[in-house]
Amino acid sequence: MTATSALARGGAQSSADGVPGARRRWGLPFSPWHLVLLPATLVLIFPFIWLLVTSVETPSEALHFPPVLLPHVLQFSNYPDAFNSAPFGRFFVNSAVVAVVTVLCNLVFCSLAGYAFARFRFLGRAALFVVIMATLMVPFQVTMIPQFIITKWLGVHVLGAVGIDHIGALILPNAATAFGIFFLRQFFRTLPLEYEESARVDGASRLTVLWRIVLPLATPALATLAALTFLDSWNNFLWPLIAITSTNQMTLPLGLATFQGAHSTEWTLLMAGNVMSLVPMLAIFFLAQRYFIRSVAATGLAGT
Amino acid sequence: MAVPDALLRPGRPRRPGPVGRGIRPSGGGAARRRVVASEQFAGWAFVTPGVVIILLFGAVPIVWSALMSFQRSNLLSPSTPFVGLKNYRQMVHDPVVGQAIQHTLVYTVLFVPGTMIVGLFLAVAMNRKIRFINFYRTAAYATMAISTISEAIVFIWLFDPSYGIVNYALSRVGVPPQQFLNSPSEALYVIVAMTIWGWTGFAVVIYLAALQGVPQMLMEAAAIDGAGHWQTFRRVVLPLLSPASLFLAVWLTINALQLFDEVYLSTQGGPLNATTVLVYYLYDQAFQNFNFGYASAIAYFLFLIILVVTAIQFRVGRRFTHYRS
């Protein structure tokens, strides 16, 4: 049995056509694909399971060979212990603030710019657009050193809250992205012009047209941009590592990495801290799974 | 993309314009000119916030680091004299750069096909309506929600030489305990394994979306023509997936060449530089040794590698990619 037979039956859509051929041929009471998928899934989720198991073991159980697969007593006190040895609550709040504000800024700034690039004719539009597209190609490593110097300068001379060692430094450089502007511009260009024109004739301002007509039509694109920006911001590590040194300004990945550096052999504490760091994102991901999946798939389909 | 728009020059309002994207209520010449002026203003007002941020943190740094790569720039002395190609020459003679290039390429060559094969296999298996399919799919997707740091910490523990469960599993099948991340000959492969795990969800999503776009008709036609399951997959499905494969190959390669987080957390480039990849060495030079000039040269070299590799992938890929019209 190979991949295509099930695809030929209708792929993900149909299966209600009685007992599928493969099942009959193999004489199994279930689809033989379970024999592939169940072990594969176990391998995929095993790191999660082992993480959870270790997080409720005692240190002596964790540092035991052969490993203790089922802890004798559930040592839940690892969680408060981890919470007391590093401010995970603070890390979480910082991550959440940075991610949410970055998403909101991107939605506003990229909508405005994307709409102008899609619809308005103004002097320098083509040149400006080319420059923005050029920045899209360049990897972060090329820009990170000057970005560090600029951020440091801004913090000293303009506004401390966006300077080095403030979470503002994690928001401002990512508050608008070339990808966001390009992505929304492409989407706006596919919208029919008639609604906008008639609203203009009726006396609506350009901002009103964008807010009342274009953005409601662009909800799927905005949701995609929001989901991708959120994931990027939440998981970003290199820039916070460079820009932040104080514990109380750290985001979850940086805080967790620092915690690991300080407790590298206290595995039970480390795993409890790790669980606390990944549960919020996992929860958000499951709640909004449809949006995240659709957004990631959209980047792939856009590339094809 | 941007080219046709360049034809629509403002300041020549009478020109009809081939695309006509702007909003132009009909009216006399004077009214039209006023509209165009307000469109100029609106255009600049709308793009300014976003463009300022991208220029300040994107465009300016690109030029700046290019200049810096020709300067002796470190935090020790305030002056940054131009030194010509000295940084680039230093790179050629730096043995660690050679090692870093080698490790980066070995990592990429293993990680990219590995992730694509795992992703394709799982996506094909998951592209059907059977019981628990949502559980299987969610388990794969969940790897996307894990940060690289969480992922690295779990894998360090799984592969711990003394107490790790992987060594325990190996001991059950008679393999002696391995040093894994502590071993110069094994550390890079452990990092390959952990990053493939971390990217599985992404690859599955891309391939599942592409698989669901494969038209039923073609498969039925192949079956009628007498093609077996494997032949249909090889000759019909795989070619139809080629745009998704090209996208994944390019995307994963760009990310692989920029590997950093897992190395920083698990090995710090060690043991004996065995996992020093380009970005790790760049970070080390820039933010541990504060050799900004030298680090900028390495960064531009990395950029060049990414450009060349991506260009080759597109050139070669185009020959094997079938786009449906």
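Two exercises with worked solutions follow, both resting on a predicted model.

**Exercise 1. Describe the overall build of chain A, from its secondary structure and domains to its spread in space**.

Solution. Begin with the secondary structure: chain A has 17 helices and zero strands. Next compare its radius of gyration, 25 Å, with the 19 Å that the globule rule gives for 304 residues; the value for chain A is well over the rule, so the chain is more spread out than a compact globule. The box filled by its C-alpha atoms, taken along the principal axes, is roughly 70 × 65 × 35 Å. Then turn to the domains: chain A is divided into domain 1, residues 21–82, and domain 2, residues 89–262, and the centres of these two domains of chain A, taken over C-alpha atoms, are separated by 39 Å. Finally, consider burial and contacts: 46% of the 304 residues of chain A count as buried, and of the contacts in chain A between residues at least 6 apart in sequence, 68% join residues at least 24 apart.

**Exercise 2. Determine how helices H12 and H13 of chain B are oriented to each other, and which residues make the contact**.

Solution. Take the axes of H12(B), residues 278–288, and H13(B), residues 292–320, which come within 8 Å and cross at roughly 160 degrees. Angles over 145 degrees count as roughly antiparallel, and H12(B) and H13(B) are therefore roughly antiparallel to each other. Their crossing is left-handed. On the side of H12(B), the contact is made by Leu278(B), Val279(B), Tyr281(B), Leu282(B), Gln285(B) and Ala286(B), while H13(B) contributes Phe292(B), Tyr294(B), Ala295(B), Ile298(B), Ala299(B) and Leu302(B).

Notes: Residues are numbered from 1 along each chain as its sequence is written. Chains are lettered from A and ligands numbered from 1 in the order in which they are written. This is a predicted model: local features need pLDDT of at least 70, side-chain atom pairs count only at pLDDT 80 or more; totals for chains, interfaces and linings use all residues. Domain bounds come from an automatic or database domain assignment. Helices (H or I, at least four residues) and strands (E, at least two) are DSSP runs, numbered from the N terminus. The radius of gyration is taken over C-alpha atoms; the globule rule is 2.2 Å times the number of residues to the power 0.38. A residue is buried if 20 or more other C-beta atoms lie within 10 Å of its own, exposed if 12 or fewer, and partly exposed in between; C-beta atoms are placed from the backbone. Two residues are in contact if their C-beta atoms, placed from the backbone, lie within 7 Å. Axes are lines fitted to C-alpha atoms, for helices over the stretch in contact, and angles run from 0 to 180 degrees between N-to-C directions. Angles under 35 degrees count as roughly parallel, over 145 as roughly antiparallel, 65 to 115 as roughly perpendicular and the rest as oblique. A crossing is left-handed if the near helix is turned anticlockwise from the far one by less than a right angle, and right-handed if clockwise.
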